[in-house]
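User: Hello! I am new to this structure and would like to get to know it through a few questions. Could you take me through it?

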Amino acid sequence: MTRIIVTTSGKGGVGKTTVSANLGMALAKLSRQVALVDADFGLRNLDLLLGLENRIVYTAVEVLARECRLDQALVKDKRQPNLVLLPAAQNRTKDAVTPDQMKLLVNALAQKYQYILIDSPAGIEMGFKNAIAPAKEALIVTTPEISAVRDADRVVGLLEAQGIKKISLIINRIRPAMVQANDMMSVQDVQELLAIPLIGVIPDDERVIVSTNRGEPLVLSDTPSIAALAFENIARRLEGQTVEFLELDSPNDNIFSRLRKLLWTKIV
């Protein structure tokens with residue numbers, strides 16, 4: 001069966017697209033057939049992170065308008081033949097596509113690909129509704145900041161209301177030194193707030209920025225990094241493998257533990 005997974009968060013700038021690009025590539029390296037779908041119509045970025053921006057001829061909008069076939073719009077990655085990208089249109093608004101049309105596109109892709117990863121735009125408006133419409137599972141990406149976690153909590157409720165029950169958590173940009181100095185929320189803090197299963201923790205790594213600017217996902221780099229290993233571990237967990245989590249921080253009770261108890265008591 002095809003796994004249709006949306007990567008979302010609510011808040012912008014938490015690393016959804018970076019996660020989508022690296023996770024898709026990591027799954028392709030495991031010999032899985034992967035289709036990445038950019039659902040951010042008007043502000044596409046997934047093609048840049050994959051280094052495929054110069055190879056786009058058609059987009060999802062042209063497919064829906066029957067100006068081209070679906071296979072003509074799919075951009076194949078030469079470095080990893082198991083991965084393709086269905087790009088979004090840059091010159092259209094988010095309401096150029098409807099949730100029902102997204103379902104049609106994804107269902108067509110499901111005939112061939114084992115994993116379909118949908119990169120959701122920020123916010124909870126039309127773009128978000130399009131992205132989650134065909135999804136059967138969700139990956140919530142958040143950074144260890146109270147505003148990002150609260151937005152993620154809101155999105156979890158929206159996903160559950162949509163009937164998406166299989167929701168997993170990815171905590172991005174953890175800085176162990178800051179956690180230990182009580183200047184950043186710990187993994188345990190975020191887990192307790194969101195109460196969804198943890199599938200991955202990604203450390204803050206400047207090489208992610210370098211790889212993004214180069215259009216080369218970190219998991220393809222010849223230089224080993226903990227962040228790349230974290231992405232690969234998430235892919236293995238999606239495959240059902242038991243993989244130990246990297247030791248990145250200590251679950252000490254800190255100021256954020258007290259802050260979240262106070263904040264969530266007021267808003268829940």
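User: Let me start with one residue: is Ala195 buried or exposed?

Analyst: Happy to help, and please keep in mind that this is a predicted model. Ala195 sits in the loop between α9 and β8. The cut-off for exposed is over 50% relative accessible area. Ala195 has a relative accessible area of 65%, so Ala195 is exposed.

User: What is the phi of Ala195, given that it is not a glycine?

Analyst: Ala195 belongs to the loop between α9 and β8. Although Ala195 is not a glycine, its phi is positive, at about 55°.

User: Which residues does Pro197 contact, leaving aside neighbours within four places in sequence?

Analyst: Pro197 is also in the loop between α9 (187-194) and β8. With 52% relative accessibility, Pro197 counts as exposed. Setting aside neighbours within four places in sequence, its contacts are Ile167, Ser168 and Leu169.

User: How far apart in space are Pro197 and Ile124, C-alpha to C-alpha?

Analyst: Along the sequence, Pro197 and Ile124 are 73 residues apart. In space, their C-alpha atoms are separated by 22 Å.

User: Let us step back to the whole chain. How many helices and strands are there in the protein chain?

Analyst: Several elements come up in this conversation, among them helix α2, which covers residues 46-50, and strand β7, which covers residues 166-174. For the protein chain, the count is 12 helices and 8 strands.

User: What radius of gyration does the protein chain have, beside that of a compact globule?

Analyst: The C-alpha trace spans about 55 × 40 × 35 Å along its principal axes. For 268 residues, a compact globule would have a radius of gyration near 18 Å. The protein chain agrees with that value, because its own radius of gyration is 18 Å.

User: What share of the 268 residues count as buried?

Analyst: Buried here means under 20% relative accessible area. Asp47 in helix α2 gives an example: its relative accessibility is 5%, so Asp47 counts as buried. Over the 268 residues of the protein chain, the buried share is 54%.

User: Which residues is Asp47 in contact with, leaving aside neighbours within four places in sequence?

Analyst: Asp47 is found in helix α2. Without neighbours up to four places away in sequence, the contacts of Asp47 are Leu52, Glu53, Ile56 and Leu85.

User: Now to charges: how many salt bridges are there?

Analyst: Side chains of opposite charge can pair when their charged atoms come close. The protein chain has 32 positive and 31 negative charges, and their mean positions are 4 Å apart. The number of salt bridges comes to 8.

User: Why does the pair of Glu232 and Lys29 tie together parts that are apart in sequence, and by how many residues?

Analyst: The side chains of Glu232 and Lys29 meet in a salt bridge, at 3.1 Å from N to O. Glu232 lies in helix α11 (residues 226-238) and Lys29 in helix α1 (residues 16-29), so the parts tied together are apart in sequence by 203 residues.

User: Arg79 forms a salt bridge with which residue?

Analyst: Arg79 counts as partly exposed, at 37% relative accessibility. Its partner is buried, with a relative accessible area of 2%. The closest N and O atoms are 2.6 Å apart, and the residue that pairs with Arg79 is Asp77.

User: And Arg175: with which residue does it form a salt bridge?

Analyst: Arg175 counts as partly exposed, at 42% relative accessibility. In its salt bridge, the closest N and O atoms are 2.7 Å apart, and the partner is Asp204. The pair links distant parts of the chain, with Arg175 in the loop between β7 and α8 and, 29 residues apart, in the loop between β8 and α10, Asp204.

User: One more residue: which strand holds Arg173, and what is its phi?

Analyst: Arg173 has its place in strand β7, and at 32% relative accessibility Arg173 counts as partly exposed. Beyond residues up to four places away in sequence, Arg173 touches several others, including Val14, Met184 and Asp204. Arg173 and Val14 are 159 residues apart along the chain, and their C-alpha atoms are separated by 8.3 Å. Although Arg173 is not a glycine, its phi is positive, at about 60°.

Conventions:
Residues numbered from 1 in each chain as written. Predicted model: local features only at pLDDT ≥ 70, side-chain atom pairs only at ≥ 80, totals over all residues. Heavy atoms only, no water. Helix = DSSP H or I, 4+ residues; strand = E, 2+ residues; numbered from the N terminus. Rg over C-alpha atoms; globule rule 2.2 N^0.38 Å. Buried < 20%, exposed > 50% of the residue type's maximum accessible area, 1.4 Å probe, protein only. Lys, Arg positive; Asp, Glu negative; His and termini not counted. Charge placed at Lys NZ, Arg CZ, Asp CG, Glu CD. Salt bridge = Lys/Arg side-chain N within 4 Å of Asp/Glu carboxyl O. Contact = heavy atoms within 4.5 Å.
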